[in-house]
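Reader: Hey, can we go through this structure together? I'd like to start with the strands and then look at one residue.

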Amino acid sequence: MSKPIDLKVKAGGEVELKDKVVAINRVVKTTKGGRTFSFSALVVVGNEAGVVGQGLGKAKEVQEAIIKGIEDAKKNLVKVPISHGTIPHDQLAKAGAAKVLIKPAAHGAGVIAGGSMRAVLESAGITDVLAKNLGSANPHNVVKATIKALSLLREPIEISKTRGIKLSKVFNG
């Protein structure tokens, strides 16, 4: 069911993806020898043209955790249908206790969304959208729910082909 994702490639063979760190968490493990600190980083990557992914990196240093998170995010990319800077239809998705609602918005409305949702939507390249977090505010689950909602979006052309009806019928009824 998943289609291959077309990505623009730089001259060196590297993919053009911009990363955003959504959350960094310091974890303390108490051992016989004292306290051991480590970090986990939640990172969102996207090409701002319809491709977005999220990853989690854990390491003893913050920078290492971010790098690991970026590498993990590049393995979990999702294609998002975007038309005129917004999404084709309303979508509701849930991950853990986080529930996310995203709605298309008129041109010029901007990205109206909370912190971790905003990072995902901007990385995907969506410029006009209304989004609401209806459940838990845990950044990990909010990011997962947002990406799940974006992956469930379908374009009108795809719907008309699947149902065997005209494109005008999809919009009218």
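**Strands, helices and one threonine**

Author: Sure. Asp 19 has Val 45, in E2, as its bridge partner. Keep in mind that this is a predicted model.

Reader: Okay, and over how many bridges do E1 and strand E2 pair?

Author: E1 and E2 (residues 34-46) pair over 13 bridges, in the antiparallel sense.

Reader: In what order do the strands of the open sheet come?

Author: The order is E1-E2-E3-E4, so to speak a row of 4 strands with antiparallel pairing.

Reader: Which strands stand at the edges?

Author: Strand E1 (18-31) and E4 do. Each has a single partner strand, so one side of each has no neighbour in the sheet. On average, neighbouring strands here are turned by 15 degrees against each other, ignoring direction.

Reader: What packs on the sheet?

Author: Helix H1 (residues 62-75) does, touching E1, E2, strand E3 (51-59) and E4. The direction of H1 makes about 145 degrees with that of E3. Helix H3 (residues 139-152) also lies across E1, E2, E3 and E4, at about 155 degrees to E3.

Reader: New topic: where is Thr 86?

Author: Thr 86 sits in the loop between strand E4 (77-79) and strand E5 (91-95).

Reader: Does Thr 86 count as buried or exposed, and why?

Author: Buried, because its relative accessibility is 10%, and the cut-off for buried is under 20%.

Reader: What does the side chain of Thr 86 reach?

Author: The backbone nitrogen of Ala 105, at 3.2 Å. Leaving out residues up to four places away in sequence, Thr 86 touches Pro 81, Pro 104, Ala 105, Ile 126 and Asp 128.

Conventions:
Residues numbered from 1 in each chain as written. Predicted model: local features only at pLDDT ≥ 70, side-chain atom pairs only at ≥ 80, totals over all residues. Heavy atoms only, no water. Helix = DSSP H or I, 4+ residues; strand = E, 2+ residues; numbered from the N terminus. Buried < 20%, exposed > 50% of the residue type's maximum accessible area, 1.4 Å probe, protein only. Polar contact = N/O pair within 3.5 Å; in protein donor to acceptor, adjacent residues only side chain to side chain. Contact = heavy atoms within 4.5 Å. Pairing = 2+ DSSP bridges. Axes fitted to C-alpha atoms, helices over the stretch in contact; angles between N-to-C directions.
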